[in-house]
Amino acid sequence: MHALNLQSKPLTLADRLADLAVDALIDEADLSPKPALVDRRGNGAHTDLHLGLMHASALSLWPAFKEMAEAAIQFGAVGLPLREALGRIGREGEQAMLATTNGVNTHRGAIWALGLLVAAAALENTTASAVSLCAARLALLDDRYAPRPLSHGAQVAQRYGARGAREEAQLGFPAVLQRALPQLKRSRALGHGEQNARLDALLAIMTRLADTCVLYRAGETGLQTMQLGAQAVLDAGGSASLGGRRRLHELDQQLIALNASPGGAADLLAACLFIDRIESGAF
Ligand SMILES: CC(C)(COP(=O)(O)OP(=O)(O)OC[C@H]1O[C@@H](n2cnc3c(N)ncnc32)[C@H](O[C@H]2O[C@H](COP(=O)(O)OP(=O)(O)OP(=O)(O)O)[C@@H](O)[C@H]2O)[C@@H]1O)[C@@H](O)C(=O)NCCC(=O)NCCS
Ligand SMILES: Nc1ncnc2[nH]cnc12
């Protein structure tokens with residue numbers, strides 16, 4: 001069942017893509033146990049976030065995702081007019097999110113990643129590679145109206161050289177295409193169950209991602225702990241195995257102790273779930 005649409009009139013493509021994006025965010029938030037992230041068990045490394053807020057934030061973004069899909073359909077091709085329309089809608093979506101969460105940043109990175117992917121999918125792309133390539137072409141265009149704040153990501157880029165969310169999109173979401181989706185499919189094929197397969201996909205992202213949220217909060221020690229710890233869970237058999245679960249619990253404790261929240265990895269898991277559903281035709 002979809003998050004918002006209860007009306008009986010036929011859904012447009014933009015409605016369905018917005019539903020899928022919001023569903024992906026809610027599925028990501030609900031997935032448990034995620035290391036140091038907000039989930040059904042608690043708030044992970046966060047003091048200002050909780051599951052209800054993540055759900056409310058996801059729902060507040062539905063109109064922005066729908067408008068992004070409509071803009072893509074209207075412009076009909078990748079180009080600066082569409083890129084700048086997406087930037088404007090994304091910034092307005094961010095304001096709606098902040099109004100809902102009382103100023104807490106819940107889904108900034110997700111608006112970026114899913115916004116680009118929704119627009120790419122609306123341009124009649126149905127395979128994972130076509131959607132991600134199209135999203136990358138959009139991300140490579142420079143939005144002349146984008147403000148250049150000294151964001152956490154920008155500060156981390158200065159300090160460590162990590163280019164974070166922008167580069168991930170410009171490269172066509174390698175964390176999703178090369179790691180999360182293949183792991184999701186592998187774990188499903190092994191019969192590990194959907195929740196474990198999604199956890200394994202998140203861990204696969206965490207093994208390599210330069211998550212600027214982790215770098216900002218916990219520096220290179222935090223990032224190394226995240227990457228090595230995620231690899232150790234997968235090496236021990238993944239989330240469906242007893243050894244993997246033990247290592248997952250250890251990783252959760254270690255990241256919380258370091259105040260390291262892999263918020264960027266969480267956004268990319270939502271991106272993975274979105275692309276997976278587009279590819280399966282289940283919308
Ligand atoms: C291009 C933008 C994404 C801006 O990027 P930039 O790096 O400059 O900005 P940040 O504000 O730091 O946001 C980037 C968010 O992206 C997520 N992320 C981090 N690393 C990666 C990565 N390697 N790959 C992909 N995604 C990544 C992450 O989002 C999650 O963490 C958020 C919490 O982060 P933060 O605010 O730092 O929170 P805390 O540490 O908790 O802060 P305190 O409250 O404790 O102080 C959470 O929201 C998750 O979503 C990064 O935060 C883009 O935003 C942009 O340009 N937007 C303009 C509008 C636009 O063009 N839109 C296009 C529409 S399609
Ligand atoms: N589940 C989650 N916990 C904390 N930050 C996040 N950003 C996106 N999803 C998140």
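The following exercises, with worked solutions, concern a predicted model of a protein chain with ligands.

**Exercise 1.** State how confident the predictor is in the chain and in the complex.

*Solution.* Begin with the chain: its average pLDDT is 96, and 98% of the residues score at least 70. Then turn to the complex, which receives an ipTM of 0.95 and a pTM of 0.96.

**Exercise 2.** Identify the residues that touch the most other members of the largest nonpolar core, and the helix that gives this core its largest share.

*Solution.* The core in question has 93 residues; Phe-65, Leu-114, Leu-117 and Ala-119 touch the most other members. Helix H5, residues 108-122, provides the largest share, namely 12 residues. Next, examine Ala-119 while setting aside its neighbours within four places in sequence: the contacts are Met-68, Ala-69, Ala-71, Ala-72, Leu-82, Leu-86 and Leu-138.

**Exercise 3.** Describe the shell around ligand 1 by residue, helix and class.

*Solution.* The ligand is surrounded by 35 residues, of which Gly-90, Gly-109, Gly-153, Gly-263 and Gly-264 are the closest. Helices that each supply at least two residues include H4 (80-101), H7 (152-160) and H11 (212-235). The largest share, 7 residues, belongs to H5. By class, the shell holds 13 nonpolar, 14 polar and 8 charged residues.

**Exercise 4.** Describe the shell around ligand 2 in the corresponding way.

*Solution.* Here 14 residues lie around the ligand, with Ala-29, Leu-37, Val-38, Gly-263 and Ala-266 nearest. Helix H1 (13-30) and H13 each supply at least two residues, and H13 gives the largest share, 3 residues. The classes are 7 nonpolar, 5 polar and 2 charged. Finally, compare the two lists of nearest residues: Gly-263 appears in that of ligand 1 and in that of ligand 2.

How values were computed: Residues numbered from 1 in each chain as written. Chains lettered and ligands numbered in written order. Predicted model: local features only at pLDDT ≥ 70, side-chain atom pairs only at ≥ 80, totals over all residues. Core = buried A, V, L, I, M, F, W, Y, C linked by C-beta atoms within 7 Å. Buried ≥ 20, exposed ≤ 12 C-beta atoms within 10 Å, placed from the backbone. Helix = DSSP H or I, 4+ residues; strand = E, 2+ residues; numbered from the N terminus. Contact = placed C-beta atoms within 7 Å. Near = placed C-beta within 6 Å. Nonpolar A, V, L, I, M, F, W, Y, C, P; charged D, E, K, R; others polar. pLDDT = per-residue confidence, 0-100.
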